[in-house]
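Reader: I have the sequence and the coordinates open. Please take me through the packing, one question at a time.

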Amino acid sequence: MSTIASAPYNGFGMVGAAPSIDVVSVRASRDGRYFGGDDLATAVQLCVTKRSIYNIRVVSMSLGSGFGTGGVQANAGQRADFQSMIDNARAHSLNVVAAAGNSGLGIVDWPAGYGPTFAVGAADNHGARCEFASWGPDVDIWAPGCPLDVARPDQSALAAWAYGSSEATAFTAGVLTQLRGLSADLGVVEAEAALRSNATGRPVGPFLDVAAGFRGSDLEAQLTEGHTAAPEAAVDRAPVASTPSMTTSATPPSAAQPVGQPTRTLSSGSSSADTSSVSANRSLVLPTPSVMSARVRRGLLTIDFRRRPRDVEARVDVYARIRRHAFPVLTRKLHSKSDRVRTRFLGMVTQVSITYRDPTGARRASPSVTIRKFR
């Protein structure tokens, strides 16, 4: 889903719908396999809480619960709580986008079927409903979903094509994020209206027209610049949490050509953003963190940096094994402008992830460094 939304335009491989946005990955599963209404509500609330820190604009949910098909496990009370969380997210200037479903029936999955959610249905490149796609009056827009170019998790270099409303949702979320990143005046309702009112009319319903949506929002110049921009160097991106989608590798039918714009804002995955704008076209990248030593003694973790730039902030995430948890969990999330970081922790430290950040936003974050061995 992350690559569909924002794979970089770097001269090789696939290109995402909006290659210059970033993805904030928010975990919505306790064990990495299943999640329920309470888990989703917690994840969306985290997006609201962190919206200003990460410049989140759009919460993208390539997931759903059909009627009798499993999916998200949520009782009536949990659904009501989660729907209130969606209302709260929109009130805090976050679009919430979700997949309409793949049941092939005229019933839209939940939470896409909840009115304030921006529901996305899967259509082919000509705007005809995909054979498997759910439909109904709750679908807000149709987007490419059979097929979409995706990245394979191996090094075979074979073409890979995915089919589903999950893919259509990721594509739409990327476009919506870029639109709001380039036009600061667009709020939640205005941004969704810009896509719907400029969509192409098809028998299945309004079909996403990216170029028309940008022109209708007075972004003609940015659209032209995006079409002519030279490829940039690849930037590491965190994956978007999503449910599995049907993916095949084959020679594709004609694939939709995504359109991207050269403005950097923060996107969504299971995340979204607010009104503050991150500076565009940050060309400088901070140096990779250099660690002189990392040691653990009696519940105290100490990290010493080598030649840390004085004007940057070190972001340190500490993961540890804790009793009754099947996997290591994030126990500390630190921000430091010191050459030495010290923190107490619970359990047994398994790894530490370190990234340099520029508090002004003028330079891109450094590549992250992971430490797994401690003295």
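Author: This is a predicted model. A helix and its buried side come first.

Reader: Which residues of helix H6 are buried, and how are they placed around the helix axis?

Author: In helix H6, residues 188–197, the buried residues are Val 188, Ala 191, Glu 192, Ala 194 and Leu 195. Viewed down the axis of H6, these buried residues fall within an arc of 150 degrees, so they line one face of the helix.

Reader: Which exposed residues does the face of H6 turned away from its buried side carry?

Author: The buried residues of H6 have packing partners, among them helix H4 (76–91), strand S2 (95–99) and H5. The face turned away from that buried side carries two exposed residues, Val 189 and Ser 197.

Reader: Which helix gives the most to the largest nonpolar core?

Author: The largest nonpolar core has 70 residues, and those with the most contacts inside it include Met 61, Phe 171, Val 175 and Phe 82. With 8 residues, the helix that gives the most to this core is H5, residues 165–182.

Reader: How many residues are in the second, separate core?

Author: The second core is separate and includes Ala 294, Phe 305, Val 316 and Leu 334. Its size is 18 residues.

Reader: What does Phe 82 touch, leaving out residues up to four places away in sequence?

Author: Phe 82 is among the residues with the most contacts inside the largest core. Leaving out residues up to four places away in sequence, Phe 82 touches Met 61, Trp 110, Pro 111, Gly 37, Leu 40, Ala 41 and Val 44.

Reader: Which residues of H2 are buried, and what covers them?

Author: The buried residues of H2 are Gly 37, Asp 39, Leu 40, Ala 41, Ala 43, Val 44, Cys 47 and Val 48. For Cys 47, the relative accessibility is 1%, so Cys 47 counts as buried. What covers the buried residues of H2 includes helix H3 (51–54), strand S1 (58–61) and H4.

Reader: How far apart are the end C-alpha atoms of helix H2?

Author: Helix H2 covers residues 37–49, which is 13 residues. At 1.5 Å a residue they should span 18 Å, and the model agrees, because the end C-alpha atoms are apart by 18 Å.

Reader: Are the two faces of S1 covered or open, and which residue in S2 stands opposite Ser 60?

Author: Both faces of S1 are covered, with Val 58 and Ser 60 buried on one side and Val 59 and Met 61 buried on the other. S1 pairs with S2 in the parallel sense over 4 bridges. In that strand, the residue opposite Ser 60 is Val 97.

Reader: Is the disulfide of Cys 130 and Cys 146 left-handed or right-handed?

Author: A search of the whole structure finds 1 disulfide, and Cys 130 and Cys 146 form it with sulfur atoms 2.0 Å apart. The pair links distant parts of the chain, 16 residues apart, with Cys 130 in the loop between S3 and S4 and Cys 146 in the loop between S4 and strand S5 (148–150). Cys 130 is buried at 1% relative accessible area, and Cys 146 counts as buried at 15% relative accessibility. The torsion about the S-S bond is about -95 degrees, so the disulfide is left-handed.

Reader: Is His 126 buried or exposed?

Author: His 126 is found in the loop between S3 and S4. The C-alpha atoms of His 126 and Pro 144 are separated by 8.7 Å, with their positions 18 residues apart along the chain. The relative accessibility of His 126 is 59%, and the cut-off for exposed is over 50%, so His 126 counts as exposed.

Terms used. Residues numbered from 1 in each chain as written. Predicted model: local features only at pLDDT ≥ 70, side-chain atom pairs only at ≥ 80, totals over all residues. Heavy atoms only, no water. Core = buried A, V, L, I, M, F, W, Y, C linked by side-chain atoms within 4.5 Å. Buried < 20%, exposed > 50% of the residue type's maximum accessible area, 1.4 Å probe, protein only. Contact = heavy atoms within 4.5 Å. Arc of directions from axis to C-beta. Expected span 1.5 Å × (residues − 1). Disulfide = S-S within 2.5 Å. Pairing = 2+ DSSP bridges.
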